[in-house]
2 protein chains.
Amino acid sequence: MTRPIYQVKAEFFKTLAHPARIRILELLQDGERSVGELIPEVGLEASHLSQQLGILRRANIVQSRKVGSTVRYSVSDRRIFDLLAVAKTILTGTLAEANQLLAELEGVEFTKLQPPPREAPRQEI
Amino acid sequence: MTRPIYQVKAEFFKTLAHPARIRILELLQDGERSVGELIPEVGLEASHLSQQLGILRRANIVQSRKVGSTVRYSVSDRRIFDLLAVAKTILTGTLAEANQLLAELEGVEFTKLQPPPREAPRQEI
DNA sequence: TGGCGAATTGATGTTCTTTTCAAGTTCGGC
DNA sequence: GCCGAACTTGAAAAGAACATCAATTCGCCA
């Protein structure tokens with residue numbers, strides 16, 4: 001084995017941990033895109049976008065091929081979309097629950113709490 | 001909606017993007033753990049571990065409850081383990097493929113390539 | 001073959017994260 | 001009440017990532 005699994009996973013998540021890189025992957029879900037096509041869609045200037053694409057490429061998350069004078073990108077493994085989908089269900093789920101909890105707290109104890117809590121209160125036994 | 005989905009996802013992945021935090025989640029897969037139990041298992045000193053737990057807690061990925069003088073942690077949503085499982089299949093998959101590719105390159109073109117490439121070569125059309 | 005468009009790379013300042021240490025809180029036992 | 005154990009918090013140094021600009025490569029075509 002190369003390195004502990006938790007370290008490899010952490011690096012993997014780190015390469016995903018940037019809004020532009022997530023955006024790029026979302027766009028590539030509809031199929032291959034050239035850098036020129038991505039620029040307006042992602043909203044970064046060419047060199048910055050290229051840096052972000054490089055990070056995804058070096059992590060083997062996307063791959064590129066030259067077509068004439070352009071470079072076209074696509075994902076290396078479509079299971080990455082499963083990952084994004086699971087992340088989405090977790091986020092919508094927990095956010096929904098967290099918001100509900102916050103709403104309850106605000107309704108019941110708003111006058112007591114000054115200032116309101118930033119994170120969900122610790123659950124007491 | 002609060003913010004664009006790609007931004008929320010990026011933040012979510014960012015909270016996971018640390019070896020110790022992944023390790024903590026792996027350990028919590030077997031059930032609730034106190035901070036004192038986690039210290040030797042994760043291998044961080046108390047204050048450092050507490051910082052990392054705080055990051056997971058503020059992101060609602062784990063929750064804590066006091067039991068006597070100890071604090072016990074557990075995951076808020078077990079679907080996080082689905083996420084880690086999908087990540088694992090992607091990593092074992094692409095790493096296996098990448099290693100195979102590298103092995104092929106080294107075998108066939110080792111004398112030609114000086115130095116050997118760091119990333120998979122661009123696919124030509 | 002000279003120049004232009006497409007994309008990447010390198011270098012650099014800035015900002016964010018990680019790590020460490022000291023100080024603080026909370027709880028239980030004496 | 002006071003002390004020690006279990007954690008957490010705050011602040012500051014060290015390290016990593018991000019964003020930006022200039023310079024470079026590569027292919028095309030006039």
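How many residue pairs are in polar contact between chain B and chain A? The count is two residue pairs, both at pLDDT 80 or more, a polar contact being a pair of N or O atoms within 3.5 Å, where within protein one must be able to donate a hydrogen and the other to accept it, and residues adjacent in sequence count only if both atoms are side-chain atoms. The structure is a predicted model, in which local features need pLDDT of at least 70 and side-chain atom pairs count only at pLDDT 80 or more, while totals for chains, interfaces and linings use all residues. Residues are numbered from 1 along each chain as its sequence is written, chains are lettered from A and ligands numbered from 1 in the order in which they are written, and side-chain values use heavy atoms, with hydrogens and water left out.

The interface of the two protein chains was examined next. Contact (heavy atoms within 4.5 Å) involves 47 residues from chain B and 47 residues from chain A. About 4500 Å² is buried between these chains, 68% of it on carbon and sulfur atoms; buried area is the accessible area (1.4 Å probe) that two parts lose on being put together, summed over both. Two salt bridges are found across the interface, a salt bridge being a side-chain nitrogen of Lys or Arg within 4 Å of a carboxyl oxygen of Asp or Glu. B:Glu26 forms a salt bridge with A:Lys9, with 3.4 Å between the closest N and O atoms. On the side of chain B that touches chain A, helix 5 of chain B gives the most, with 15 residues; helices (H or I, at least four residues) and strands (E, at least two) are DSSP runs numbered from the N terminus. The residues of this side comprise 23 nonpolar, nine polar and 15 charged, where Ala, Val, Leu, Ile, Met, Phe, Trp, Tyr, Cys and Pro count as nonpolar, Asp, Glu, Lys and Arg as charged, and the others, Gly among them, as polar.

Within chain B, B:Arg57 is found in helix 4. B:Arg57 counts as buried because its relative accessibility is 18%, buried meaning under 20% relative accessible area, exposed over 50% and partly exposed in between (1.4 Å probe, protein chains only). Its side chain makes a polar contact of 3.2 Å with the side chain of B:Tyr73.

B:Tyr73 is also one of the residues that come nearest to DNA strand D, out of 24 around this strand; a residue is near a strand or molecule if one of its heavy atoms lies within 4 Å of it. Of the atoms of DNA strand D that come within 4 Å of the protein, 67% are accounted for by sugar and phosphate. A polar side-chain atom of A:His48 lies 2.8 Å from a phosphate oxygen of DNA strand D, and an N or O atom in the side chain of A:His18 is 2.9 Å from a phosphate oxygen of this strand. For A:Gln51, a polar side-chain atom lies 2.8 Å from a base oxygen of DNA strand D and a polar side-chain atom lies 3.0 Å from a base oxygen of DNA strand C.

DNA strand C is surrounded by 24 residues, the closest including A:Ser50 and B:His18. Sugar or phosphate holds 73% of the atoms of DNA strand C within 4 Å of the protein, and bases hold the rest. A polar side-chain atom of A:Ser50 lies 2.6 Å from a phosphate oxygen of DNA strand C, whereas the side chain of B:Lys66 has an N or O atom 3.2 Å from a sugar or linking oxygen of this strand. Helix 4 of chain A gives the most to the surface near DNA strand C, with five residues. By class, this surface has five nonpolar, 13 polar and six charged residues.
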